[in-house]
Structures are given as C-alpha cells and as structure tokens.
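Reader: I've got the sequence and the model open. Can you walk me through the pocket, and then the sheet?

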Amino acid sequence: MRTRPLKVALLGCGVVGSEVARIMTTHADDLAARIGAPVELAGVAVRRPSKVREGIDPALVTTDATALVKRGDIDVVVEVIGGIEPARSLITTAFEHGASVVSANKALLAQDGAALHAAADDHDADLYYEAAVAGAIPLIRPLRESLAGDKVNRVLGIVNGTTNFILDKMDSTGAGYQEALDEATALGFAEADPTADVEGFDAAAKAAILAGIAFHTRVRLDDVYREGMIEVTAADFASAKAMGCTIKLLAICERAADGGSVTARVHPAMIPLTHPLASVRGAYNAVFVESDAAGQLMFYGPGAGGAPTASAVLGDLVAVCRNKLSGATGPGDSAYTQLPVSPMGEVVTRYHISLDVADKPGVLAQVATVFAEHGVSIDTVRQQGRQDGGGDASLVVVTHRASDASLTGTVEALRNLDTVRGVASIMRVEGE
Ligand code: HSE
C-alpha cells in the first residue's frame, strides 16, 4: 500500500458534508485498504467558520474555497455545497488544478453536466456524482457501468422523498395536501420552503441526469416536462383507490418505440397497487429500469439524508481515488447517440379524467363523441349522480393509450361543452 495519502478537499460541511468527514475518519483504515493508499482530509471549506464541527480539526476549516481548490496538492474535491454558483466555478477550478471531483449537486449536473464533463476530460480528471440522484441508491454506476452492454428503454422512478412522504400520508390517512405537507414539515421531511420538492424541480433535475445516462444522449433540465403535486387532492386518491391504484410523483424517462427520440417528464400519476413502485412508502425512493436484455430491475432505498447521501459520496471517492492511483479515469460522458428529446405532446400514456357534467339525456354520448373526434379511445366510464340534488353528475373516464397532445385537445373541447360544468382532475395512469 502507498503510504503517501491522497488529499481530499471538502466543499461544504452541512448535513451531507459532516457525514462525509465523519465516515472518512471512522472508516479511515478500511478506506485506505480498499483504495490502496490512505485518504487525508486536507481542507474543509465552509460559510460559517465559527460553528463547532465535531471530529473536524478546526485548522482544516477555511472560508476560502477557491484557495483550497487552487492549492495544487489536492487529489479529489468533494463538492456538497449544492446550487449553481459558486459550485460550478469551484469544480472547474478544481479540474484546472489537477483534482478529480465528486459532487452531489443534481441542479448543477442537470444544467451544466456536458460542460463539466468536457472540463474533466480536458484535464484527464474524473467527475462522479452518484449522490446527485436518489441519495444512497446506486443508480448512476449501474446505468453507466453495469448496464453499459444493454439497451435501456425506460426509467420510471420515485426520486423525491419529500413528495413521496406527503403522497403516502394522503393515501394512508385520507389527509389533504396541506395537512400532509404540514406533518412532513413538522417531522423534518420537508424543507421550510418545499417548492423545489413539491413543484417537481428536484425530481426534474434527477430525471434529466438519469435520462442522459440511460439513453447516452443529452437531456437538459429544460427538456424535462414538469408538473408538481400540489393540486393532488383527497378526491384524486379516492378515485385512484376505486381503480386499484395509488398516486405517486414519478420521474419517467422513455425511449420512443421507434428508438429515434426520448422523453423525460415529472408529474403525479396513478399507478396500480400491484406495481412495485406502489409499495414504496414514506420518504423512500425507488427506480424501476427496463432494458432489452436485463428486463426489469428495481433499485430501492433512502433517497436523502446525511449518512445515506454520504454513503454514495464515499463510494465515488473510493472509485476516484483508485483511478488516481492507477493513473486512469473512469467512465465519463457518453452522449454519443444525440437522440432528440421530444416534447410532452408526443408522450403516449393513459389518462384518468374526472368531469362534472349535467345529469341529463345525451351527455354521455356528447362526451364520448369529443373523445372520438380527437382519436382518444375510452377504456372505462363510471358515472355517479351527485347527492346534492343539483342535477349534476360526476363522470370518470379512463382512456386507452393516447398522445398528450390528443388528450389536451380533448380536454379543451370538453371544457367548451355546455353540459360539462368543469374538469375536476386529469391524471396520467402509468406502470401498466
Ligand atoms: N429533497 C430531496 C427529497 C432530497 O426530498 O428527496 C435531495 O434531493
């Protein structure tokens, strides 16, 4: 074993960074044995230097992250700051000064992954980011390495723990969105500002990263269609239950049937209770991968939290250190297929549409005609007279597979019918 240590600079020492530092210390001997050289924490860049950080030598702490990555003797920079800047500049500077990088930064990788990979290549450095998607769950490496000989056609996953906690709570207790969010906040599962999670931004960044790697193409954050889950209601869950389904916020990345394009989207969807993703409870994440040869694979585990995310960071750190010792680099960017990302209108799936309609002769026929005129085939229709005596009924239509554009056209036309009082909800049905 080499005795000269590999030097690691840690950028950020919050929930994840402090766990990275702790595991580097407590598992130092094992990490050294697995890598073939000791790893030394050479510096920790923080915003608030006065904060007491147990187990971290205060002499290593600095507020000057740029100076740390420019030192010239750093082998690996671990970036767990998050956000676009200063993380992007620090990573680029790290490559320029001979370091490889391990990052947990999904927003940055989703937005600037191509440029960062190019910078890593220019300097014969590694850029690893297993922790950027679904915390501890191994996903990037299985997609990039284990499935490198296969052809992935679909990635369908729950990649946000906060929203899964909220939706699971709504499902199991009948609570409304706000009540479930309040509980998630009180228990620490939701941030004080939950926008990134509940509006689907966090999941969309992860979908962009997963789609790019799975399909060997370039998928940017802007390419991902996104709908949050704040409009999901207790009534939607009741409808889902009536169909033997539950509701999950899904990230769905698909290769088109003709193989010539891909799509990536995040939105709430009904999935059958028999689908493995339906039983993912609480704040857990799970990702279902379908490929030509392997068939169906499922990856499951904690998608957030200090120690689980640090586990993924440490796995990358070991891999990058091994590469450093052997003078090699690991697999980099692989966007050679250059498949275009199709717009949401071309996505084909099934839909559950709940309408408030006048309860009188001919209405069902009128509604069915609108679906037919837009080429959307109806699978089932359920009508229930309302108990309030207002002469209206609730009409639930479940369609066969149709394009999103056709469905949008159908719904617009339905809204123009005098007999349709309102479109109560539209939800996609996935996983069948
Ligand atoms: N906020 C994310 C979640 C974790 O709730 O899953 C970090 O991506």
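Author: Happy to, starting with the ligand. The residues around it are K106, N160, G161, T162, D197, D202, K206 and A304, where being near a molecule takes a heavy atom within 4 Å of it. This is a predicted model, where local features need pLDDT of at least 70, side-chain atom pairs count only at pLDDT 80 or more, and totals for chains, interfaces and linings use all residues. Residues are numbered from 1 along each chain as its sequence is written, and side-chain values use heavy atoms, with hydrogens and water left out.

Reader: How does the shell around the ligand divide into nonpolar, polar and charged residues?

Author: Ala, Val, Leu, Ile, Met, Phe, Trp, Tyr, Cys and Pro count as nonpolar, Asp, Glu, Lys and Arg as charged, and the others, Gly among them, as polar. A304 is in the shell, and so are K106 and D197. The split is 1 nonpolar, 3 polar and 4 charged.

Reader: Which ligand atom does a polar side-chain atom of D197 lie 2.9 Å from?

Author: A polar contact here is a pair of N or O atoms within 3.5 Å. K106 puts a side-chain N or O atom 2.8 Å from a ligand oxygen, and T162 has a polar side-chain atom 2.6 Å from an oxygen of the ligand. For D197, the partner is a nitrogen atom.

Reader: What share of the ligand's accessible area does the protein cover?

Author: Areas come from the Shrake-Rupley method with a 1.4 Å probe. On its own the ligand has 260 Å² of accessible area, and the protein covers 81%.

Reader: Which elements give two or more residues to that shell?

Author: Helices (H or I, at least four residues) and strands (E, at least two) are DSSP runs, numbered from the N terminus. By that numbering, the elements are α7 (161-173) and α10 (201-215).

Reader: Now the sheet: which strands stand at the edges?

Author: Two strands pair if DSSP finds at least two bridges between them. The 6 strands make an open, parallel sheet in the order β3-β2-β1-β4-β5-β6. Each edge strand has a single partner, so one side of it lacks a neighbour in the sheet; these are β3 (61-62) and β6 (127-128).

Reader: What is the bridge partner of A9 in β4?

Author: Strands β1 (residues 6-11) and β4 (residues 76-79) run parallel and are joined by 4 bridges. Within β4, A9 is partnered by V77.

Reader: Where is the cis peptide bond?

Author: P86 sits in the loop between β4 and α4 (87-96). With omega at about 10 degrees, the cis bond joins E85 and P86.

Notes
Polar contact = N/O pair within 3.5 Å; in protein donor to acceptor, adjacent residues only side chain to side chain.
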